[in-house]
Amino acid sequence: MKISARNKLAGTVVGLEKGAVNATVQIDLGGAVIVTAMITNASVEELGLEVGKTAYAIVKASDVMVGVD
């Protein structure tokens with residue numbers, strides 16, 4: 001896999017909930033860290049995503065926002 005994003009986080013799919021158009025995918029990165037992403041149902045099918053399968057959370061962002069109370 002070659003991509004321009006530098007943040008490729010490998011993990012295991014632990015949750016997959018399909019809606020009418022989109023699906024919520026949860027990827028366990030280890031150390032009690034879970035990343036949640038929303039992708040299309042078509043992408044879930046194309047990628048062959050299933051609970052227990054290895055997948056990557058790929059993050060490409062030009063800005064990171066930080067807040068406090």
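# Close-up views of the predicted model

**Figure 1. Glu17, a residue whose place is in strand β1.** The model shown here and in the other views is predicted. Glu17 counts as exposed, because its relative accessibility of 60% is over the 50% that the term requires. When residues up to four places away in sequence are not counted, Glu17 touches Asn22, Ala23 and Thr24. Gly52 lies 35 residues from Glu17 in sequence, and the C-alpha atoms of these two residues are 14 Å apart in space.

**Figure 2. The course of the protein chain, which comprises one helix and four strands.** When the chain is read along its sequence, these elements follow the pattern β-β-β-α-β, and the C-alpha trace spans about 35 × 35 × 25 Å along its principal axes. The chain has 69 residues, of which 17% count as buried. Among the contacts that join residues at least 6 apart in sequence, 41% are between residues at least 24 apart.

**Figure 3. Strand β1 (residues 7-18) and its pairing with β4 and β2.** The pairing of β1 with β4 is antiparallel and runs over six bridges, and in this pairing Gly11 of the one strand stands opposite Ala55 in β4. Strand β1 is also joined to β2 by six bridges, again with the two strands running antiparallel, and here Val13 stands opposite Ile27 in β2. Between β1 and β2 there are three residues, and the two strands form a hairpin.

**Figure 4. The hairpin of β2 and β3, with two residues between the strands.** Eight bridges join β2 to β3, and the two strands run antiparallel; within this pairing, Thr24 stands opposite Met38 in β3. In the turn, Gly31 has a positive phi of about 60°. Ala32 is placed in the loop between β2 and β3, and its phi, near 65°, is likewise a positive value, here in a residue other than glycine. Ala32 counts as exposed, because its relative accessibility is 84%, which is over the 50% cut-off.

**Figure 5. Thr24 and Val25 with the residues around them.** Thr24 is found in strand β2 and counts as partly exposed, because its relative accessibility of 26% falls between the 20% limit for buried residues and the 50% limit for exposed ones. Once neighbours within four places in sequence are left aside, Thr24 is in contact with Gly15, Leu16 and Glu17, and also with Thr36, Ala37 and Met38. The contact with Glu17 is the one already met in the first view, where Thr24 is among the residues that Glu17 touches. By contrast, the C-alpha atoms of Thr24 and Arg6 are separated by 23 Å, although these residues are 18 residues apart along the chain. For Val25, with neighbours within four places again left aside, the contacts include Val13, Gly15 and Leu16, as well as Val35, Thr36, Ala37, Ile39, Val44 and Leu49.

**Figure 6. The largest nonpolar core, with eight residues.** Its members are Val13, Ala23, Val25, Ile27, Val44, Leu49, Ala55 and Ala57. Strands β2 and β4 each supply at least two residues of this core, and β2 gives the most to this core, with three residues. Three core members, Val13, Val44 and Leu49, are also among the contacts of Val25. In a regular strand, the side chains alternate between the two faces of the sheet.

**Figure 7. The largest pocket, which holds about 300 Å³ of space.** Which residues lie nearest the centre of this pocket? Of the 15 residues that line the largest pocket, those nearest its centre are Ile27, Leu47, Leu49, Ala55 and Tyr56. Ile27, Leu49 and Ala55 also appear in the list of the largest nonpolar core. Strands β2 (22-30), β3 (33-40) and β4 (54-59) each supply at least two residues of the lining, and β4 gives the most, with five residues. Sorted by class, the lining of the largest pocket has twelve nonpolar residues, two polar residues and one charged residue.

Terms used. Residues are numbered from 1 along each chain as its sequence is written. This is a predicted model: local features need pLDDT of at least 70, side-chain atom pairs count only at pLDDT 80 or more; totals for chains, interfaces and linings use all residues. Side-chain values use heavy atoms; hydrogens and water are left out. On a 1 Å grid over the protein atoms alone, a cavity is a set of points where a 1.4 Å probe fits but cannot get out, and a pocket is an open set with protein on both sides within 12 Å along at least five of seven lines; lining residues have an atom within 4 Å of a point. Grid points are joined across faces, edges and corners, and a volume is the space filled by probe spheres set on the points. Ala, Val, Leu, Ile, Met, Phe, Trp, Tyr, Cys and Pro count as nonpolar, Asp, Glu, Lys and Arg as charged, and the others, Gly among them, as polar. Two strands pair if DSSP finds at least two bridges between them. Buried means under 20% relative accessible area, exposed over 50%, partly exposed in between (1.4 Å probe, protein chains only). Contact means heavy atoms within 4.5 Å. A nonpolar core is a set of buried Ala, Val, Leu, Ile, Met, Phe, Trp, Tyr and Cys residues joined through side-chain atoms within 4.5 Å.
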